[in-house]
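Reader: I have just opened this structure for the first time. Could you walk me through it, one question at a time?

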Amino acid sequence: MFRKLSPALAVLLVSSAAVFAQGGTKPTDPQIAHIAYTAGQLDIEAAQQALKISQNKDIRAFAEQMVKDHTAVNKQALDLCAKLKVKPEDNDTSKALSKQAADKRAELGKLGGSAFDKAYIANEVEYHKTVNGALEKTLIPSTTNAELKSLLQTGLKIFQGHLQHAEHLATLVK
Amino acid sequence: MNVRKYSTQYVGRTELRSALRVFIFAMACHGASAATPAAKVVEITIDKVTFSEVKVTLNVGDTIEWVNKDVVDHTATAKNKDWDVVIPAGKKARLVLKKAGTFDYFCRYHPNMVGKLVIAPAK
């Protein structure tokens with residue numbers, strides 16, 4: 001079902017932040033679980049890169065929080081999937097997200113000092129906007145299992161907090 | 001011997017007087033605390049990235065206990081920077097209220113989480 005969307009998605013992915021399917025066929029719960037888990041994992045990897053490169057105290061504290069929060073939420077998601085016997089299913093959106101994040105990491109890896117800090121936090125703002133938008137408009141409304149839906153709704157609130165935090169930090173990093 | 005005996009009796013009376021004073025003071029204090037309800041501990045639950053509402057009147061001297069039921073750490077940070085309490089995931093943390101007034105607070109990690117403490121003077 002989800003595969004039918006892939007050509008259109010691929011185009012969207014390359015050209016804009018609209019990584020996620022909109023309208024048309026809905027993703028299934030196993031696919032949604034995979035996308036949400038992947039999105040968290042990618043933000044952890046971005047944070048780990050920041051912890052290797054950045055010397056800025058606020059950026060490092062933010063990155064540490066991203067590792068902690070996304071690890072905790074992902075663990076909760078995996079535990080729930082195990083309980084519900086839902087096997088997260090890889091899909092084109094997860095693959096595209098991973099590819100986009102790998103490209104971003106390569107780009108940021110060439111930077112250092114405040115140039116890195118600014119680029120990292122700007123990307124965190126954009127990334128959280130994209131993922132939160134997808135959760136709100138596509139993934140949560142498409143989720144059929146009530147427990148998974150509730151977990152994603154709480155996750156969304158946490159990630160909306162990350163977005164505000166990142167936006168605030170972006171104004172401080174010069 | 002006589003002098004020593006007199007001296008001992010004298011000291012004894014002084015001690016008795018001091019003890020009586022302490023006793024009267026203690027009774028007075030006890031009376032005061034019996035008339036005023038003891039400072040209370042008020043629980044604020046953090047669940048699903050939300051601070052629960054305080055439904056009782058808070059007074060200076062009371063203690064707030066935040067109970068974090070989420071899987072992520074939170075803070076309760078006064079907007080005016082008077083206090084900053086970290087409440088780790090699944091744990092509790094306390095704050096003794098020292099100043100009357102209205103305090104808006106938020107979580108530094110997730111600034112979309114906000115709360116308010118309205119604190120009346122000590123009873």
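Author: Gladly; the questions below go through strands, cores, salt bridges and a helix of this predicted model.

Reader: Let me start with chain B. How many helices and strands are there in chain B?
Author: Going from the N terminus, the elements of chain B run α-β-β-β-β-β-β-β-β. Counting them up gives one helix and eight strands.

Reader: In what order do the three strands of the open sheet in chain B stand?
Author: Strand β1 (41-46) and strand β6 (92-96) of chain B each have a single partner strand, so they stand at the edges. The pairing in this sheet is mixed, and the twist from one strand to the next averages 20°. The order is therefore β1-β3-β6.

Reader: Which residue is the bridge partner of B:E43 in β3(B)?
Author: β1(B) and strand β3 (residues 63-68) of chain B run parallel and are joined by six bridges. In β3(B), the partner of B:E43 is B:E65.

Reader: Is B:E65 buried or exposed, and with which residue does B:E65 form a salt bridge?
Author: The cut-off for buried is under 20% relative accessible area. B:E65 has 12%, so B:E65 is buried. Its salt bridge links strand β3 to strand β6 of chain B, with the two residues 29 apart in sequence. The closest N and O atoms are 2.8 Å apart, and the partner is B:R94.

Reader: Which side chains of β8(B) point to the buried face?
Author: In a regular strand the side chains alternate between the two faces of the sheet. β8(B) shows this alternation: B:V114, B:K116, B:V118 and B:A120 point to one face and are not buried. Those that point to the other face and are buried are B:G115, B:L117 and B:I119.

Reader: And which residues stand opposite B:L58 and B:D104 in β8(B)?
Author: Two bridges join β2(B) to β8(B), and these strands run parallel. Six bridges join β7(B) to β8(B), and this pair runs antiparallel. The bridge partner of B:L58 is B:I119, and opposite B:D104 stands B:K116.

Reader: Which helix gives the most to the largest nonpolar core?
Author: In soluble globular proteins, nonpolar side chains tend to be buried together. The largest core here has 45 residues, and those with the most contacts inside it include A:L135, B:F51, B:W66 and B:L117. With six residues, the helix that gives the most to this core is α6 (residues 146-172) of chain A.

Reader: How many residues are in the second core?
Author: This core is separate from the largest one. Among its members are A:A63, A:Y120, A:L163 and A:L169, and its size is 16 residues.

Reader: What is unusual about phi in B:V49 and B:K81, and which one is buried?
Author: Most residues other than glycine have a negative phi. B:V49, in the loop between β1 and β2 (58-59) of chain B, has a positive phi near 60°, and B:K81, in the loop between β4 (74-78) and β5 (84-87) of chain B, has a positive phi of about 70°. B:K81 has 74% relative accessibility, so it counts as exposed. At 6%, the buried residue is B:V49.

Reader: How far apart in sequence are the parts tied together by A:K83 and A:E147?
Author: The side chains of A:K83 and A:E147 meet in a salt bridge with an N to O distance of 2.6 Å. A:K83 is exposed at 53%, whereas A:E147 is partly exposed at 36%. A:K83 lies in helix α3 (residues 57-84) of chain A and A:E147 in helix α6 of chain A, so the parts tied together are 64 residues apart.

Reader: Which residue forms a salt bridge with B:D84, and how many salt bridges does the structure hold?
Author: B:D84 lies in strand β5 of chain B, and its partner lies in the loop between β7 (101-106) and β8 (114-120), so the pair ties together parts that are 24 residues apart in sequence. The closest N and O atoms are 3.0 Å apart, and the partner is B:R108. Over all chains, the number of salt bridges is twelve.

Reader: Last one: at which residue does α5(A) bend?
Author: Helix α5 (residues 113-142) of chain A has 30 residues and reaches 42 Å from its first C-alpha to its last, close to the 44 Å expected. The helix bends by about 45°, and the residue at the bend is A:L135.

Note on methods: Residues are numbered from 1 along each chain as its sequence is written. Chains are lettered from A and ligands numbered from 1 in the order in which they are written. This is a predicted model: local features need pLDDT of at least 70, side-chain atom pairs count only at pLDDT 80 or more; totals for chains, interfaces and linings use all residues. Side-chain values use heavy atoms; hydrogens and water are left out. Two strands pair if DSSP finds at least two bridges between them. Helices (H or I, at least four residues) and strands (E, at least two) are DSSP runs, numbered from the N terminus. Axes are lines fitted to C-alpha atoms, for helices over the stretch in contact, and angles run from 0 to 180 degrees between N-to-C directions. A nonpolar core is a set of buried Ala, Val, Leu, Ile, Met, Phe, Trp, Tyr and Cys residues joined through side-chain atoms within 4.5 Å. Buried means under 20% relative accessible area, exposed over 50%, partly exposed in between (1.4 Å probe, protein chains only). A salt bridge is a side-chain nitrogen of Lys or Arg within 4 Å of a carboxyl oxygen of Asp or Glu. The expected span of a helix is 1.5 Å times one less than its number of residues. The bend at a residue is the angle between axes fitted to the seven residues ending there and the seven starting there.
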